[in-house]
Every structure is written in structure tokens, then in C-alpha cells.
Amino acid sequence: MTPIFPTAYFGSIAYYKSLFSFPSILIEGNENFVKQSLRNRCDIQSSNGAQQLSVPVVKINGSKTKTKDIMLSYDTDWQKNHWKSIQSAYSSSPYFEHYEDEVKNLIFNTESTLLKFNKTIHETISNWLGIETAINFTDEFDMELSKEMNFRNKFDKNSSIDLSEFKHYTQVFENEIGFIPNLSILDAIFALGPMARKLID
């Protein structure tokens, strides 16, 4: 059976570490959308600690809206704000100039749905890191999925992830605020470039 993962907006290091361990996965599109999760949020480092970036979405069927039907909202300047936050956080990082144009283009992409938006982000990250895990989408919601194959909620804030297992790397504001494990994969990519793959091997 193929493991099932949630979609992710610039997914966390834990997300990519788990995903990378499988030859193929399914992205869940048929669940009722889970709010306040990595599906439309990520954490980057700032001078004040972890900073959350959240993509505003439109739930066309309210709380019963399937993830595959979640639309992006462009009523605010969230793309501009996300990019400014990323610039502020990482402009001095070793690999910022190498990736900044592509990251900016990903953020300012105008896809209509969250799944398509995140798919483009994931494909780009996979290319950067040499991830060959095949990605497909669920056809229906599997209620009987085994615990070993169900990663839908593993990466949420309340999930039990052992932060001690994450490898250390030098972060931009580490001298001021200390090392923060398991941020968005963006944090590692700007810090390490292609070598960020070593964090998920």
C-alpha cells in the first residue's frame, strides 16, 4: 500500500525526511480540509524566532470542503508579505541569491487551487534536492488506512515529532536566538543549498 501524505506549503524538514524515505506517495485531496496545518502554512526563522507564513484560502463548502476544492484567496497582499518576510529572514544566508528568483516565482504563482499551488512548489523542491519520490493524488478518502501508511496528521503542531533527531546546521539568527529544528525546508535550502539533502537522507 502507498503511504498518504498531506499537501504542504514549503513543507517542513520532517515532512521531506519522511517523504524521501518512500519510492512513491499519495497526496490526500479527499479529506475535509484541516485548518491551521502545514497544508497552507510554514514556519521560517526570523530575528525573533519562528515566524509563521499562512496562505489565505477559500472553503467553498465551509468546514466540509475537501482539500482538493480549496481555492486560494487573492483578496490581500499575502504573496508580497510572504516574500518580504523571506527576504528579511534569508537575504544574508549563503544560498539566498542562488534560489531567490525561483522562490519568488513560486510565491507569486497564481494557481487557483491550493493543491496545484503546492504541487508546483513540491516539484521545484524535489528538483533542487534530487528527490525522486513519485507523487500522485488520492482518488477517494481511505478510512481504513493503517497507521504505518497514514501520514495525514503526522506533521501538525500537536503531533509527536522527536526534535532531537534533527541534524544541526548553521541558521541565520542562530547566534541571537539559538537553533530552531524542523522549520520549513526553505530554511535549510537557503543555508545549505543542494547539501540540504543530507538533512533528509
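**View 1. A right-handed β-α-β unit built from β1, α1 and β2.** In this predicted model, strand β1 covers residues 4-5, helix α1 residues 13-20 and strand β2 residues 24-27. The strands β1 and β2 run parallel and are joined by 2 bridges. To find this pairing on screen, start at Phe-5, whose bridge partner in β2 is Ile-27.

**View 2. Strand β2 and its pairing with β7.** Here β2 and β7 run parallel, with 4 bridges joining them. A handy landmark is Ile-25, whose bridge partner in β7 is Ile-135. Which residues of β2 lie on its covered face, and which on its uncovered one? Ile-25 and Ile-27 make up the covered face, while Ser-24 and Leu-26 make up the uncovered face.

**View 3. The largest nonpolar core, with 55 residues.** Tyr-9, Phe-10, Ile-86 and Val-103 are the residues with the most contacts inside this core. Elements that give two or more residues to the core include the strands β1, β2 and β3 (41-46), along with the helices α2 (78-90), α3 (96-107) and α6 (185-192). Helix α4 gives the most, with 7 residues.

**View 4. The surroundings of Phe-10.** Let us zoom in on one residue of the core. Setting aside neighbours within four places in sequence, Phe-10 is in contact with Val-103, Leu-106 and Ile-107, and also with Ile-121 and Ile-125. Further contacts of Phe-10 are Cys-42, Ser-184, Ile-185 and Leu-186.

**View 5. Helix α4, residues 114-129.** The 16 residues of α4 reach 22 Å from the first C-alpha to the last, close to the 22 Å expected at 1.5 Å a residue. Buried residues of this helix include Leu-114, Leu-115, Phe-117, Ile-121, Ile-125, Trp-128 and Leu-129. Polar residues are worth a look here too: Asn-118, His-122, Thr-124 and Ser-126 are among the buried ones.

**View 6. Gly-130, just after α4.** What is the sign of phi at the residue that follows α4? At Gly-130 phi is positive, near 70°. This glycine is found in the loop between α4 and β7 (134-137). Gly-130 counts as partly exposed because its relative accessible area is 32%, which falls between the 20% limit for buried and the 50% limit for exposed. Not counting residues up to four places away in sequence, Gly-130 touches Phe-20 and Arg-197. Lys-35 is 95 residues apart from Gly-130 along the chain, and their C-alpha atoms are separated by 30 Å.

Definitions and conventions: Residues numbered from 1 in each chain as written. Predicted model: local features only at pLDDT ≥ 70, side-chain atom pairs only at ≥ 80, totals over all residues. Heavy atoms only, no water. Expected span 1.5 Å × (residues − 1). Buried < 20%, exposed > 50% of the residue type's maximum accessible area, 1.4 Å probe, protein only. Core = buried A, V, L, I, M, F, W, Y, C linked by side-chain atoms within 4.5 Å. Contact = heavy atoms within 4.5 Å. Pairing = 2+ DSSP bridges. Right-handed = clockwise from strand over helix to strand, strands pointing away.
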